[in-house]
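Here are some short exercises to work through with the model open in your viewer. Try each task before you read its solution.

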Amino acid sequence: MHSSGAFNADVLPFNLLDDDEYTLLQDNLDIGYYEAKEVIISTGDVPEGLYIILKGCVSELDVKSADKRLGHTFVHYTNNDYFGAWSALRGSSIHDFVADEETICYILPTKVLLDLIYRNPNFGDFFNKSLSLQNELLKQKNDSLNMTEFMLARIDSSCMREASLLPDGTNLEEATQFMSDQQIDCALVQRGKRYGMVTRSDLLNAIVLDKLPITTDARVIANYRLITVESGDYLFNALILMTLHQIDRVVVMQSSELHGIIDLADTLSYFSSHSHVVGLRIERASSIEELKGAAGDMSKLIRSLYSQGVKVRFAMDLLAALNKRLMSKLFNLIVPENVLPHVCLVVMGSEGRGEQIVRIDQDNGLIMRDGLDWPECHETMERYTQALVGLGYPPCPGQVMVNNPFWVQPISTWTQRMRDWVAKADSDSLLNLAISIDAYPVAGNKALFKTSRNWLLRELQQQQRFLSSFAEVALAFETPLNFLGGIRDRAAGVDVKKGGIFPIVHGIRVLAMQYQIAENNTYKRIESLIKLGVLPQRLGSELMESFSILQWFRLAHHLNQQEQDFSTEDLNNDVNLAALDRLEKDLLRQSFQVVKDFKKHLSLRYRLGLGL
């Protein structure tokens, strides 16, 4: 802690300085006095440096004309706040900074500010207005939220094995001898431009169970449906893929060239949590009672990931993969085997998008083959719903569940109903479509779902009037910023879902529908929209960062409520501003500002009213 007269150096970013750096700062501070309405920094001017308010209030204005009254106020700065750093580093100001009342500021000259930034990278990062850098600082400032090395590990030669390729014409006997000599448990074969994998288990089954001659070409028994990752991707993503597809290996590619193999055992050596153990418990469960143990482990895993500072997006992906495996396993335990090829279980809403971390409620439906004769359908789906409740998935208040016949339909009815919702475009139709468009198949015959989804994407591309009506839903809730640019607080707190998460999710959903993007996940939809040039790179990147920040606040709030013994049904999204520190409030404010900018983008694109 730094001691000082009137200057408070115990707040971010000044508490990032060491004693020598703090002395340099204190020795070079000047004092500035400004009267009410006096312009401290004008647009285009070169600022003196960084201004830290000792007493008073300052407005940051975007001045559109010589008439200052037409300027838009971004934010107000008060005691201990600072401003002007970005302008000083850039060389000129793009906004006006005006004293709202009699104001006294410390001024840190630009030269000294640059010296401190050069000496202390963390201090310098704080002044970068990129949401991603500030988000990282938010995680780093809490010692209990240290990012594990695993979360930052990239796929390279240090975490993968060399891919062993069998020569053309290698038979089963030779392949077995090759793996024994190389002390490996799998090898790759090549057929044309395709690669396939042969494992020791494949060889054993082929020779012992299938009675194939040992002279059989190894390419005959190879699996050519390989799951691949790109070299340089996060190692965590490889674990997610292995969890989702219930496999022990993924193949690493680099620019369409074979690069190596990542094995589950190698991956787990990097990972300290027990996520894959949970996956194995789910896979090996032979009863609903055994699934309950795995479901309980998932709740512990959420807290483990949060306490380790795992990024929200990674946590979402991993938990989504485990949730889908659990729901699929439960469905296969309850639904008769002879029925499974004729039905498809889909999860919808946030579960369908893979964006639910803490379990909020069920959102699921069942698509059936036309003409299916299954008298026990309703009774079986009631059992499934109640079993999910027993596993910790609360019922949906809106009854979007498979025990509600409305969400259990033959594929022709399912598809026709979506056509009707598009045609009507009333509030109920828009709500139902928003729920079903994010559907994801988790069990049964997934081709039933894909047939319906592909039709819908083609149908909607030409429905400009409907898309405008649908996009307007993203403006249903006001952004919680006041006219001064600060966060508008309520007694109950700030609803981060209505104010920020929902507008991003729904606005991106509409754009994805228009451009026939089959991805469900909001992050992946944004990435696809950026690649297509639909979203500007900067807006898309800021939307992803803002979405992560808002989800992080929501997760922290939900976990805190659970510690206070809130039931799942009573969890809310009202974050208490009083419990946040200055950096957290600033991150939240910036995230809402990005949401507001995105809503303007939607309004211009779809010619909507600017109810922001």
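**Exercise 1.** State the volume of the largest cavity in this predicted model, then work out which residues and elements line that cavity.

*Solution.*
Step 1. The largest cavity has a volume of about 80 Å³, and the structure holds 4 cavities of 30 Å³ or more.

Step 2. Now list the lining of the largest cavity: Ile 367, Trp 414, Met 418, Ser 436, Ile 437, Ala 439, Phe 449, Ser 452, Arg 453 and Leu 456.

Step 3. Map this lining onto the elements: α16 (411–424), α17 (427–437) and α18 (446–460) each give two or more residues to it. The largest share, 4 residues, comes from α18.

Step 4. Sort the lining by class: 7 residues are nonpolar, 2 are polar and 1 is charged.

**Exercise 2.** Place Ser 255 in the chain, and decide whether Ser 255 is buried or exposed.

*Solution.*
Step 1. Check the backbone: Ser 255 is not a glycine, yet its phi is positive, about 55 degrees.

Step 2. Find its place: Ser 255 lies in the loop between β12 (249–254) and β13 (257–263).

Step 3. The relative accessible area of Ser 255 is 63%. Exposed means over 50%, so Ser 255 counts as exposed.

**Exercise 3.** Do likewise for Gln 516: where is it, and what is its exposure class?

*Solution.*
Step 1. Gln 516, a residue other than glycine, has a positive phi near 55 degrees.

Step 2. Gln 516 sits in the loop between α20 (496–514) and α21 (522–531).

Step 3. With a relative accessible area of 33%, Gln 516 is partly exposed, the class between under 20% and over 50%.

Key. Residues are numbered from 1 along each chain as its sequence is written. This is a predicted model: local features need pLDDT of at least 70, side-chain atom pairs count only at pLDDT 80 or more; totals for chains, interfaces and linings use all residues. Side-chain values use heavy atoms; hydrogens and water are left out. On a 1 Å grid over the protein atoms alone, a cavity is a set of points where a 1.4 Å probe fits but cannot get out, and a pocket is an open set with protein on both sides within 12 Å along at least five of seven lines; lining residues have an atom within 4 Å of a point. Grid points are joined across faces, edges and corners, and a volume is the space filled by probe spheres set on the points. Ala, Val, Leu, Ile, Met, Phe, Trp, Tyr, Cys and Pro count as nonpolar, Asp, Glu, Lys and Arg as charged, and the others, Gly among them, as polar. Buried means under 20% relative accessible area, exposed over 50%, partly exposed in between (1.4 Å probe, protein chains only).
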